[in-house]
Amino acid sequence: MALSTEILFQPVTIGSLTLPNRVVMAPMTRSHCPGGVPTAAVADYYARRAAHDVGLIITEGVLIEDPAAGGYPDCPVIYGREALEGWRLVIDRVHAAGGRIMPQIWHVGEVHRLGAPPNAHLPGLGPSEVRDGDQVVVRAMDEADIERVVAAFADAARNAREIGFDGVEIHGAHGYLIDQFLWEQTNRREDAFGGDFTRRLRFAEEVVKAVRGAVGDNFPVVFRFSQWKPQDYSARLAPTPELLAALLLPLKEAGVDWFHASSRRYHEPEFPGSGLNLAGWAKAITNSPTISVGSVGLDDVSWMEANAAGLEPLLERLLGNEFELVAVGRALLADYAWARKVREGRFSELIPYTRAALSSLN
Ligand SMILES: Cc1cc2nc3c(=O)[nH]c(=O)nc-3n(C[C@H](O)[C@H](O)[C@H](O)COP(=O)(O)O)c2cc1C
């Protein structure tokens, strides 16, 4: 490899937070928290990565306090004594290993359907009603629902700060509740929270403002957004730089400190006429710190192999100051020592990503 990986492993100070390096663990749902409570095995899982040179961990999606917030089994929550105690242990272990950690706070919105776990008797909540035949499987949120869910995001962030997390990431990506409000195909409202781009943005703005109000200044608030949706990888929330600015600048104004630009391949230019990726554009538009993500350390063809040479374009972009931080997902699931091995140039020892890594909590 021609370029040194040194830039990945330099400490970086962003606002009030100093990170030991630029490697971030991407948020990944693991479904290993029965009853919503992170166990000692979850603490081990995160601490192992912190001990092997992951500078910042963004946890798996963590549910805010709303009975319809979840859509998958055994996801953690961020309220109630038991779960908060579980998180305290995770935080202590990660800090003791030299890492930093933020929870990703999450409401799945209409992904939860009547009949689905964890609260099968409840319909989902979303910007617009969804029916299955005669049955309402997702209820359109009224203003009281909106107020309650916004407050639950704020409470989650307050809890995060109180128990010692280093910041909080709001999950505004991947077709979940906040993104459902943003996207015209899922938001068919005709009130102040639906209609044109500015009105569809209002729910996200309210969440950010409430979160900022709950945590005060000097506590990083990160907003994760994506163009793509799980049901449509080619979807584009902001098809032009102008619309991306219309999305991000009001969110910055509302209180976002950093943006986490979720793309599936970090090396793909986002808009014609420039090599910048989504995080690069987010930074150019907002002048805020950004996190890039997508297929770092994975072979682009098979999506299944850790691959050293593949880091070269990433290092070039980092050296060009296109974004501050780099999140790594699947490569870090497969190999908890991924960052340590990259730092030490032990590329031949990297463990290739396979589907088996999805179910293990090693
Ligand atoms: C098993 C798994 C679970 C994931 N869960 C989440 C999640 O809870 N929240 C989120 O924002 N993204 C989630 N993602 C997306 C990742 O954060 C990341 O953006 C994606 O995997 C691309 O990065 P990678 O190519 O390095 O894996 C998940 C990905 C995987 C593989």
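## A walk through the helices and loops

Just after helix α9, Asn321 takes a positive phi of about 65°. This is a predicted model, and Asn321 is a handy place to start reading it. Take a step back from Asn321 and you meet Gly320, which sits in the loop between α9 and β13. Gly320 counts as exposed because only 11 other C-beta atoms lie within 10 Å, and a residue with 12 or fewer is called exposed. If you pick Gly164 as a distant landmark, its C-alpha atom is separated from that of Gly320 by 33 Å, with the two positions 156 residues apart along the chain.

Now look at α9 itself, which covers residues 312–319. Its buried residues are Leu314, Arg317 and Leu318. These residues span an arc of only 100° around the axis, so they lie on the same side of α9. What do the buried residues of α9 pack against? Their partner is β13, the strand at 325–328.

Next, let us turn to pairs of helices. Two packed helices are described by the angle between their axes and the distance between the axes. Take helix α1 (residues 40–50) and helix α2 (residues 81–96): their axes are 8 Å apart and the packing angle is about 25°. Angles under 35 degrees count as roughly parallel, so α1 is roughly parallel to α2. The crossing of the two is right-handed. On the α1 side, the contact is made by Ala40, Val42, Ala43, Tyr46, Ala47 and Ala50, while α2 supplies Leu89, Val90, Arg93 and Val94. Sorted by class, the residues of this contact are nine nonpolar, no polar and one charged.

It helps to zoom in on one member of that contact. Ala43 lies in helix α1. Is Ala43 buried, exposed or partly exposed? It has 19 C-beta neighbours inside 10 Å, and since a residue needs 20 or more to be buried, Ala43 counts as partly exposed. Leaving aside residues up to four places away in sequence, Ala43 touches Pro38, Leu89, Val90 and Arg93. You can also check its distance to Val94: the two are 51 residues apart in sequence, yet their C-alpha atoms are 7.6 Å apart in space.

A second pair of helices is worth a look. Helix α3 (residues 143–162) and helix α6 (residues 202–215) have axes that come within 8 Å and cross at roughly 35°. Here, too, the crossing is right-handed. From α3, the contact is made by Ile146, Val150, Ala151, Phe153, Ala154, Ala157, Arg158 and Arg161. From α6 come Phe203, Glu206, Val207, Ala210, Val211, Gly213, Ala214 and Val215. By class, the contact of α3 with α6 has 12 nonpolar, one polar and three charged residues.

Follow the chain out of α3 and you come to Phe165, in the loop between α3 and β9. Although Phe165 lies in a loop, it counts as buried because 26 C-beta neighbours lie inside 10 Å. Which residues does Phe165 touch, not counting those up to four places away in sequence? They are Ile91, Ile101, Met102, Pro103 and Ala160. Ala154, a residue of the α3 contact with α6, is 11 residues from Phe165 in sequence and 15 Å from it in space, C-alpha to C-alpha.

A few more loops have backbone features to find on your screen. His174 is in the loop between β9 (168–171) and α4 (177–182). It is not a glycine, but its phi is positive, at about 60°. His174 counts as partly exposed because it has 19 C-beta neighbours inside 10 Å. Asn218, in the loop between α6 and β10 (221–226), also has a positive phi, near 60°, in a residue other than glycine. Asn218 is exposed, since 10 other C-beta atoms lie within 10 Å of its own.

One last stop is a peptide bond. Pro117 and Pro118 are joined by a cis peptide bond, with omega about 0°. You will find Pro118 in the loop between β5 (100–106) and β6 (124–126).

Terms used. Residues are numbered from 1 along each chain as its sequence is written. This is a predicted model: local features need pLDDT of at least 70, side-chain atom pairs count only at pLDDT 80 or more; totals for chains, interfaces and linings use all residues. Axes are lines fitted to C-alpha atoms, for helices over the stretch in contact, and angles run from 0 to 180 degrees between N-to-C directions. Helices (H or I, at least four residues) and strands (E, at least two) are DSSP runs, numbered from the N terminus. Angles under 35 degrees count as roughly parallel, over 145 as roughly antiparallel, 65 to 115 as roughly perpendicular and the rest as oblique. A crossing is left-handed if the near helix is turned anticlockwise from the far one by less than a right angle, and right-handed if clockwise. Two residues are in contact if their C-beta atoms, placed from the backbone, lie within 7 Å. Ala, Val, Leu, Ile, Met, Phe, Trp, Tyr, Cys and Pro count as nonpolar, Asp, Glu, Lys and Arg as charged, and the others, Gly among them, as polar. The arc is that of the directions from the helix axis to the C-beta atoms.
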